[in-house]
Amino acid sequence: MSKAFLSRATDAKSSGAPMIVEIDGMVAMKIMKHCREQLPVLSTGQLLGLDTREKDGRDKVSVTNCFAFPAKPEDEEHDNSDEFSAYQTEMLSMLSKVNADNNMVGWYQCTYMGSYLTDSNLIDLQCDMQEAYGSVVCIVYDPLQASMANAPFKALRVNDDFVARRREALSRGQQIDLRNMTGQEILEEVPLRIKNSVLVDAFLLECATAE
């Protein structure tokens, strides 16, 4: 996944307050559909929505829309970051024209059996996004967990201590060795809840009570 879109970073920074992620049920279904269609390629996409504050002081990321990133062919070796950036810009522009949510609040990644814990690309990208945008999250979807009737979604952020250590290491021209670190030392799981609209809830209730 390219980092070209980070060029549009704003000066918004995370407040460091506890966070909660709320994702629309239709968005969750779109993520599942995209990830399953692209298998065995581990697909990615962008999350759109709003960054607000709860009454109890927690930062709240509301994911109301998403779109998939095009999969890169396995035999393609050239750098396609310019094509990726153009695709993303066009998608955001089209969403803006139809008054759909087009504010970037994170990204999603298909994964298997906790492989994200050792994925240096995922960790580096999430670090860059947190430093550039502030309150952004990575939602990982595990289709294998879904097939076993377990919760397939997790919302993740890189913890602040690791972000600071990485920033300091990069300033010295060094890289942090992840091999001697645990996932808990790098990533933190953010509470995630899936929300349906009132109409969807009414439809599901009607289906459940229909004879």
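This passage describes the aromatic pairs of a predicted model and the surroundings of one arginine. Residues are numbered from 1 along each chain as its sequence is written, and side-chain values use heavy atoms, without hydrogens or water. In this predicted model, local features need pLDDT of at least 70 and side-chain atom pairs count only at pLDDT 80 or more, whereas totals for chains, interfaces and linings use all residues.

Three aromatic pairs were found in a search of the whole structure; rings of Phe, Tyr and Trp (its six-membered ring) pair if their centres lie within 6.5 Å, and planes under 30 degrees apart count as stacked, over 60 as edge-to-face and the rest as tilted. The ring centres of Phe67 and Phe69 are 6.0 Å apart and the planes stand at 80 degrees, so this pair is edge-to-face. Phe67 is buried at 5% relative accessibility (under 20% relative accessible area, 1.4 Å probe, protein chains only). Phe69 is likewise buried, at 5%. Phe67, Phe69 and Tyr87 form one aromatic cluster.

In the pair of Tyr141 and Phe153, the ring centres lie 5.1 Å apart with the planes at 40 degrees, and the pair is therefore tilted. Tyr141 belongs to strand β5 (residues 137–141) and Phe153 to strand β6 (residues 153–158), so the pair ties together parts 12 residues apart in sequence. Strands are DSSP runs (E, at least two residues), numbered from the N terminus. Both Tyr141 and Phe153 are buried.

Strand β6 also contains Arg157. Arg157 is buried but has no salt bridge (a side-chain nitrogen of Lys or Arg within 4 Å of a carboxyl oxygen of Asp or Glu). The nearest side chain of opposite charge, Glu188, is 4.4 Å away; Lys and Arg count as positive and Asp and Glu as negative, while His and the chain ends are not counted. The Arg157 side chain reaches the backbone oxygen of Val136 at 2.7 Å.

Key:
Buried means under 20% relative accessible area, exposed over 50%, partly exposed in between (1.4 Å probe, protein chains only). Helices (H or I, at least four residues) and strands (E, at least two) are DSSP runs, numbered from the N terminus. A polar contact is a pair of N or O atoms within 3.5 Å; within protein, one must be able to donate a hydrogen and the other to accept it, and residues adjacent in sequence count only if both atoms are side-chain atoms.
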